[in-house]
Amino acid sequence: MARVVKRAFRYRFYPSPEQAAELCRTFGCVRLVYNMALQARTEAWTVRQERVNYPATSAMLTVWKKTEDLAFLREVSCVPLQQALRHLHTGFVNFWQKRAGYPSFKSKKRSRRSAEYTSSAFRYRNGRLTLAKMAEPLDVVWSRPLPEGATPSTVTVSQDSAGRWFVSLLCDDVIEQTPVPGAVGIDAGLGSLLALSTGETVTNPRHERRDRAALVRAQRNLARKEKGSANRAKARVKVARVHARIADRRRDHLHQLTSRLVRENQTIVIEDLPVRTMLKNHCLARAVSDAAWRQFRTMLEYKADWHGRTLVAVDRWFPSSKLCSACGVLTEQMPLDVREWTCRCGVVHDRDLNAARNILAEGLSVIACGGGVRPQRGSSRTRQSSVKQEPPGATQGIPVP
Ligand SMILES: [Zn+2]
């Protein structure tokens, strides 16, 4: 069976000075239009209790462009501006449906610099991508090929805080769904990044410790620089570069890992666990592993969906660490610092491996009972529990697969 999915392909590119100037102008206009529309919508609601929709903000944009003060909005492509209004509307819909907080203003320094072009505002032909208002195609580094015969439907241009330029092309891709026999349980390990029920432990990406030390040095250096000085600006770029390197390596690592897990396993069981509450610890390492777990889960969810795999999230109150995966007896206590323990049945357990095995068994029993629900992307925040809540006693004695 094959399935067509929307997939983003991201590449670096190197703009000419004119292209960079055009894009910077566009980013600025996108931010301004977004903020003005947000202001208008907020005012309409707080003053007159009126809901302003997307077409109304689009009409406002037309008016703004005609005023003398905002005439510069006409100089950039109108498509990214319209898209910004659409994104704002999506933000409001998410807010109304209680999936997100109230939309916030885009800041010049902190917000992502990006512009989205739909098909009327770019041309993609013979591997050359040209944006509206530009004479020359972008100098894109095609680090991997687009799917055969693919036509991008949306192109997003962005610049990160380290100054690097990226273009992301949204294309239809055909994915073969071939079932495989494997099943795996995954525990967000304490000692390592992840522990798998197969006995494998997944560590943090290579170089991360060294990168993190470099980050601490760069941040200390930045803190010593005088505010507003040229050296401070330089030091800030340096910090951003180290941040970007850490994020890149981690994303690559998680992509490889999730692709492999999905390739090898038909059933994948994770804990429905906000790492945030598990590790109430504000040190840098933990903040990073928190973000990694969320990113890992998001990737796993969409890849499992693409390949027709079953992803089960077992209830967060399932006592995965306290249960013996050999005999099913529940121990009373399991302090966080216990790495290895011996059950009354005599089996010596590695804490994380035992937990991963229990998670797999619980997931399989949930599927067998028909109580399992595939976690939907983005719904985890509102979903109370996808899995039947059972008292701990009821899950005792599950056979180890
Ligand atoms: Zn036991």
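**Zinc site and nonpolar cores of a predicted chain**

Cys324 is buried, its relative accessible area being 2%. By buried I mean under 20% relative accessible area, by exposed over 50%, and by partly exposed anything in between, with a 1.4 Å probe and protein chains only.

Before I continue, the basis of these values. The model is predicted, so to its local features a pLDDT of at least 70 applies, and side-chain atom pairs count only at pLDDT 80 or more, whereas totals for chains, interfaces and linings use all residues. Residues are numbered from 1 along each chain as its sequence is written, and side-chain values use heavy atoms, with hydrogens and water left out.

Let me turn to the metal site. Which residues coordinate the zinc ion? The ligands are Cys324, Cys327, Cys343 and Cys345, each through SG, at 2.2 to 2.4 Å. Donors here are N, O and S atoms within 2.8 Å of the metal (3.2 Å for Na, K and Ca); water is not among the atoms, so sites may look incomplete. The arrangement is tetrahedral because the four donor atoms subtend angles of 107 to 114° around the zinc ion. The criterion for four donors to count as tetrahedral is that all angles lie between 85 and 135 degrees. Along the chain, the donors of the zinc ion follow the spacing C-x2-C-x15-C-x1-C. Cys324 and Cys345 link distant parts of the chain, 21 residues apart: Cys324 is in the loop between β11 (310-314) and β12 (340-342), and Cys345 is in the loop between β12 and β13 (348-350). In contrast to the buried Cys324, Cys345 is partly exposed, at 40% relative accessible area.

Other cysteines also deserve a mention. A search of the whole structure finds zero disulfides, a disulfide being a pair of cysteine sulfur atoms within 2.5 Å. Cys24 is partly exposed, with a relative accessible area of 33%, while Cys171 is buried at 0%.

Next, the chain as a whole. It has eight helices and 13 strands; these are DSSP runs numbered from the N terminus, helices being H or I with at least four residues and strands E with at least two. Of the 401 residues in the chain, 44% are buried. The chain exposes about 22,300 Å², of which carbon and sulfur atoms supply 51%; the areas come from the Shrake-Rupley method with a 1.4 Å probe. If one takes contacts between residues at least 6 apart in sequence, 72% join residues at least 24 apart, where contact means heavy atoms within 4.5 Å.

I come now to the interior. In soluble globular proteins, nonpolar side chains tend to be buried together. A nonpolar core is a set of buried Ala, Val, Leu, Ile, Met, Phe, Trp, Tyr and Cys residues joined through side-chain atoms within 4.5 Å. The largest such core has 41 residues, and those touching the most other members are Phe13, Leu23, Tyr117, Leu131, Val155, Val157 and Val167. At least two residues of this core come from each of β1 (2-12), α1 (17-48), α2 (54-66), α3 (78-96), β2 (113-118), β4 (128-131), β5 (154-159) and β6 (165-176). Helix α1 supplies the largest share, nine residues. Apart from this core lies another, of 25 residues, including Ala188, Leu194, Ile270 and Ala304.

What does Val157 contact, leaving aside its neighbours within four places in sequence? Among its partners are Phe13, Leu23, Phe27, Tyr117, Leu131 and Trp165, together with Arg113 and Ser114.

Two polar residues are also buried. Ser168, in strand β6, counts as buried at 19% relative accessibility. Beyond residues up to four places away in sequence, Ser168 touches Ala8, Phe9, Arg10, Thr154, Val155 and Thr156. Gln19, in helix α1, is buried at 6%; outside its neighbours within four places, Gln19 is in contact with Met134, Glu136, Pro137 and Leu138.

Finally, the backbone in two loops. Most residues other than glycine have a negative phi. Gln49, in the loop between α1 and α2, has a positive phi near 50° and is exposed at 54% relative accessibility. Lys98, in the loop between α3 and β2, has a positive phi near 60° and is exposed at 69%. Arg110 lies in the loop between α3 and β2 as well and is exposed at 73%. Its C-alpha is 8.4 Å from that of Ser161, although Arg110 and Ser161 are 51 residues apart in sequence.

How values were computed
Tetrahedral: all angles 85-135°; square planar, octahedral: opposite > 155°, others 65-115°.
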